[in-house]
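Subject: The structure I promised you

Hello,

Here is the structure we talked about, with the sequence alongside. Have a look at it first, and then read on for what turned up.

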Amino acid sequence: MRIDIVTIFPGFFAGIFEHGVIRRALGEGLAKIDVHDLRAFTHDRHRTVDDRPFGGGEGMVLKPEPIAEALAALGIASRFERQDAIRAGISPQTGSMSRGTTLVAPQTPQFDSRALAPAGEGALQTRVILLSAQGRRFTQAIARELAALDRIVLVCGRYEGVDERINELYCDRELSIGDYVLSGGELAAAVVADAVLRLLPGVLGNEASREFESFGEEDAKIDSDVEGVPRSQHGAGGLLDYPHYTRPAEFSGLRVPEVLMNGDHAQIRRWRREQQLRKTLANRPDLLERAQLSTEDDKLLDQIRRERAEFDALH
């Protein structure tokens, strides 16, 4: 997996990928991250990357020419040319190297991406993504889609945004990491990179960790039983994760739920599913509308709602 980040603040990423599992992914050659300074693709002495918006209004807009030149230097053609090339069975990437490229975590060994072409196609699976507040909300499902690609190019918006012609000509997707506004797309790029890279095989110490977590796959798609021993985990199926506990068994007068210490995997599994439903109903009820729920889940939800109604009536 290769990730290219186009930004006017390359220094922002100087240390952000030097920790945890992302450092491992880079160090072991499972991924490569290059950060490219947009100002390296300007041609005036002020290195101008922005201008006033047509039609008036507040703020400035990132100009299209430097971004287009940066993408060209990365071997990225327009998305229409890429689509035509894939249909013709040729590679639309030139493989040229960007001016002003800064490698993230230079003291960590970096390696080229796997660059595997899908069967029957001559092009790498590449997607260009614009990060902006107007984009589709980034989710774990999208992270899984992106993790299956060979290369992602992240264009960081700034100021009032990016000239829309860049979006129309080059970007396969426009993503937002939430319903709020940041000062730029750099934080969003770091979030997307982290969420995607941790899903690559070999990045996490335990591969099952990415199956049993918030927003994970539905239970029916997970087969992690070991030597006939039933699982005590339950796939999230789009819900939030269940609560976690560790030693000591008692802390500040609060004990770990007894069900987690009795060794009955079936009971633990049912308790954890109930807790996933409780957490999701309390914190993200919107997720229930599109989650994969079983008949048993529906019964548990009805029970939880009745309990909440009785509690509210008494208080």
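One definition before we start: the expected span of a helix is 1.5 Å times one less than its number of residues. Please also keep in mind that this is a predicted model.

**Helix α7**

With that definition in hand, take α7, which covers residues 265-283. This helix has 19 residues, and the distance from its first C-alpha to its last is 26 Å, close to the expected 27 Å. At its start, a side-chain oxygen of aspartate 264 comes to within 3.1 Å of the backbone nitrogen of alanine 266.

Which residues of α7 are buried? They are Ile268, Trp271, Arg272, Arg273, Glu274, Gln275, Gln276, Leu277, Thr280 and Leu281. What they pack against is α8, residues 295-314.

Glutamate 274 shows this at the level of a single residue. It sits in α7 and has a relative accessible area of 12%, so it counts as buried, the cut-off being under 20%. Setting aside neighbours within four places in sequence, glutamate 274 touches Leu300, Gln303 and Ile304.

**The chain as a whole**

Stepping back, the protein chain has eight helices and 10 strands. Of its 315 residues, 44% are buried. Its accessible surface is about 16900 Å², and carbon and sulfur atoms account for 52% of that. Among contacts with a separation of 6 or more, 74% are between residues 24 or more positions apart.

**The cores**

The largest nonpolar core holds 34 residues, and Ile3, Ile5, Phe17, Leu146, Ile152 and Leu154 have the most contacts inside it. At least two residues of this core come from each of β1 (2-7), α1 (20-27), β2 (32-37), β6 (126-137), α4 (140-147), β7 (151-156) and α6. The largest share, eight residues, is supplied by α6. There is also a second, separate core of 22 residues, with Ala40, Ala73, Ile76 and Val153 among them.

**Cysteines**

How many disulfides does a search of the whole structure find? The count is zero. Two cysteines you may want to look at are cysteine 156, which is buried at a relative accessible area of 3%, and cysteine 171, which is buried at 4%.

**The loop between α6 and β9**

Several of the residues I looked at lie in this loop. Is alanine 236, which is found there, buried or exposed? Alanine 236 is buried, with a relative accessible area of 0%. Its C-alpha is 8.7 Å from that of alanine 291, although the two are 55 residues apart in sequence.

Histidine 244 is in the loop between α6 (186-197) and β9 (250-251) as well. Its relative accessible area is 56%, so it is classed as exposed, the cut-off being over 50%. The side chain of histidine 244 makes a polar contact with the side chain of aspartate 241 at 2.8 Å. A polar atom of that histidine side chain also lies 3.3 Å from the backbone oxygen of tyrosine 242. Between histidine 244 and valine 256 there are 9.4 Å in space, C-alpha to C-alpha, for a separation of 12 residues in sequence.

Proline 248 belongs to this loop too. A cis peptide bond, with omega at about 10 degrees, joins arginine 247 to proline 248.

**Backbone angles and a buried arginine**

Most residues other than glycine have a negative phi, and most peptide bonds are trans. Arginine 47 is not a glycine, yet its phi is positive, at about 55 degrees. It is in the loop between β2 and β3 (50-51) and is partly exposed, at 37% relative accessibility. Tyrosine 159 likewise has a positive phi of about 55 degrees. Its place is the loop between β7 and α5 (164-170), and at 40% relative accessibility it counts as partly exposed.

Finally, arginine 82 lies in helix α3, residues 79-88, and is buried at 6% relative accessibility. What does its side chain reach at 2.6 Å? The partner is the backbone oxygen of tyrosine 170. A polar atom of the arginine 82 side chain is also 3.0 Å from the backbone oxygen of alanine 77.

Enjoy exploring it!

Best wishes

Note on methods
Residues numbered from 1 in each chain as written. Predicted model: local features only at pLDDT ≥ 70, side-chain atom pairs only at ≥ 80, totals over all residues. Heavy atoms only, no water. Helix = DSSP H or I, 4+ residues; strand = E, 2+ residues; numbered from the N terminus. Buried < 20%, exposed > 50% of the residue type's maximum accessible area, 1.4 Å probe, protein only. Polar contact = N/O pair within 3.5 Å; in protein donor to acceptor, adjacent residues only side chain to side chain. Core = buried A, V, L, I, M, F, W, Y, C linked by side-chain atoms within 4.5 Å. Disulfide = S-S within 2.5 Å. Contact = heavy atoms within 4.5 Å. Areas by Shrake-Rupley, 256 points an atom, 1.4 Å probe, with all protein chains shown as cover.
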